[in-house]
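Trainee: I would like to learn how to read a model like this one. Can we go feature by feature?

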Amino acid sequence: MTPILLVPLIWTTFAHGQLPANSVARQDSSKWESEIAAFEAGDRTNPPPKNCILFVGSSSIRLWSSLATDFPGLPVVNRGFGGSELADSVKLADRIIIPYQPRQVVIYAGANDLAAGKEPEIVFGDFVALLSKIHRHLPHASVVFIASAPNPKRWAIVDKVRKLNMLVDAYCRRHEVIFIDVFPLMLGPDGLPKPDIFREDGLHMNAKGYAIWKEAVIPHLR
């Protein structure tokens, strides 16, 4: 594995000290209460390892059932939840990210936001809000962000996915955040999503899809 030098993150100061426009304030995350409470209950009886590598985000993280075997010897913890959006992770960070004091936070979220009708610029604002919150509470944690992936079911909004990835990639390059661009890895020679890496729903990945993610992610974990 390629070693990573952990350095304090550097953050852009936006106009008047404000974050870019985002949807956090109006996001209702109460529907995830039972799922988050279940995480907390499990943590009380089976505490997660200290200094862990925390995977958080939407169902593509939640359904990554081979996480522990894909990254043997690493203290990985899965806290993906449902069809969550980036704004949900911001609002719930005090319960599903900060308490773990992770050495790394691996995030996959944003695609559900676009599918719900949010514009890429707003989802990007939610991304910045999440990173800002992580940095404020976990200044020495390394952050890894997995690009929004292409899939057959949502191919109609692929231009918005590409725009979001472009915005996030540019930000990560400027701010010492690791951006893993899985998007091109999931396309076939015809430029369309590889059909054999998805489940029947055309949205979630099967084992072949996760094998692609594993190879893309593993060099960046420590």
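Mentor: We will take the sheet, then an aromatic pair, then the cavities. Keep in mind that this is a predicted model.

Trainee: Which strands form the sheet, and in what order?

Mentor: Read a sheet from one side to the other, by strand order. Here five strands form an open sheet, ordered β2-β1-β3-β4-β5. The pairing is parallel.

Trainee: Which strands stand at the edges?

Mentor: Look for strands with a single partner. In this sheet they are β2 (76–80) and β5 (178–180). Each has a single partner strand, so one side of each is left without a neighbour in the sheet. As for twist, the average is 20° from one strand to the next.

Trainee: How many bridges join β3 to β4?

Mentor: Four bridges join them. Strand β3 covers residues 104–108, strand β4 covers 142–146, and the two run parallel. For a register point, take Gln104: Ser142 in β4 stands opposite.

Trainee: Which helix lies across β3 and β4?

Mentor: That is α6, residues 120–137. Check its direction too. Helix α6 runs at about 165° to β3.

Trainee: Next, the rings. How many aromatic pairs does the structure hold?

Mentor: The count is 12. To read a pair, take the centre distance and the angle between planes. One of the pairs is Trp32 with Phe81, at 5.6 Å centre to centre and 80° between the planes. That makes the pair edge-to-face.

Trainee: Why does this pair tie together parts that are apart in sequence?

Mentor: Place each partner. Trp32 lies in the segment before α1 (33–45), and Phe81 lies in the loop between β2 and α4 (86–96), so the pair ties together parts 49 residues apart in sequence.

Trainee: Last, the cavities. How many are there of 30 Å³ or more?

Mentor: The structure holds two. For each, read the volume, then the lining. The largest holds about 130 Å³ of space. Of its 16 lining residues, the closest to the centre are Ser60, Tyr108, Asn151, Arg154 and Leu203. Two elements, α2 (59–62) and α5 (111–115), give two or more residues each to this lining. By class, the lining has nine nonpolar, six polar and one charged residues.

Trainee: And what lines the second largest cavity?

Mentor: This cavity holds about 60 Å³ of space. Its lining includes Ala111, Pro150, Asn151, Arg154, Trp155 and Phe183. Eight of the lining residues are nonpolar, one is polar and one is charged.

Terms used: Residues are numbered from 1 along each chain as its sequence is written. This is a predicted model: local features need pLDDT of at least 70, side-chain atom pairs count only at pLDDT 80 or more; totals for chains, interfaces and linings use all residues. Side-chain values use heavy atoms; hydrogens and water are left out. On a 1 Å grid over the protein atoms alone, a cavity is a set of points where a 1.4 Å probe fits but cannot get out, and a pocket is an open set with protein on both sides within 12 Å along at least five of seven lines; lining residues have an atom within 4 Å of a point. Grid points are joined across faces, edges and corners, and a volume is the space filled by probe spheres set on the points. Ala, Val, Leu, Ile, Met, Phe, Trp, Tyr, Cys and Pro count as nonpolar, Asp, Glu, Lys and Arg as charged, and the others, Gly among them, as polar. Two strands pair if DSSP finds at least two bridges between them. Axes are lines fitted to C-alpha atoms, for helices over the stretch in contact, and angles run from 0 to 180 degrees between N-to-C directions. Contact means heavy atoms within 4.5 Å. Rings of Phe, Tyr and Trp (its six-membered ring) pair if their centres lie within 6.5 Å; planes under 30 degrees apart count as stacked, over 60 as edge-to-face and the rest as tilted.
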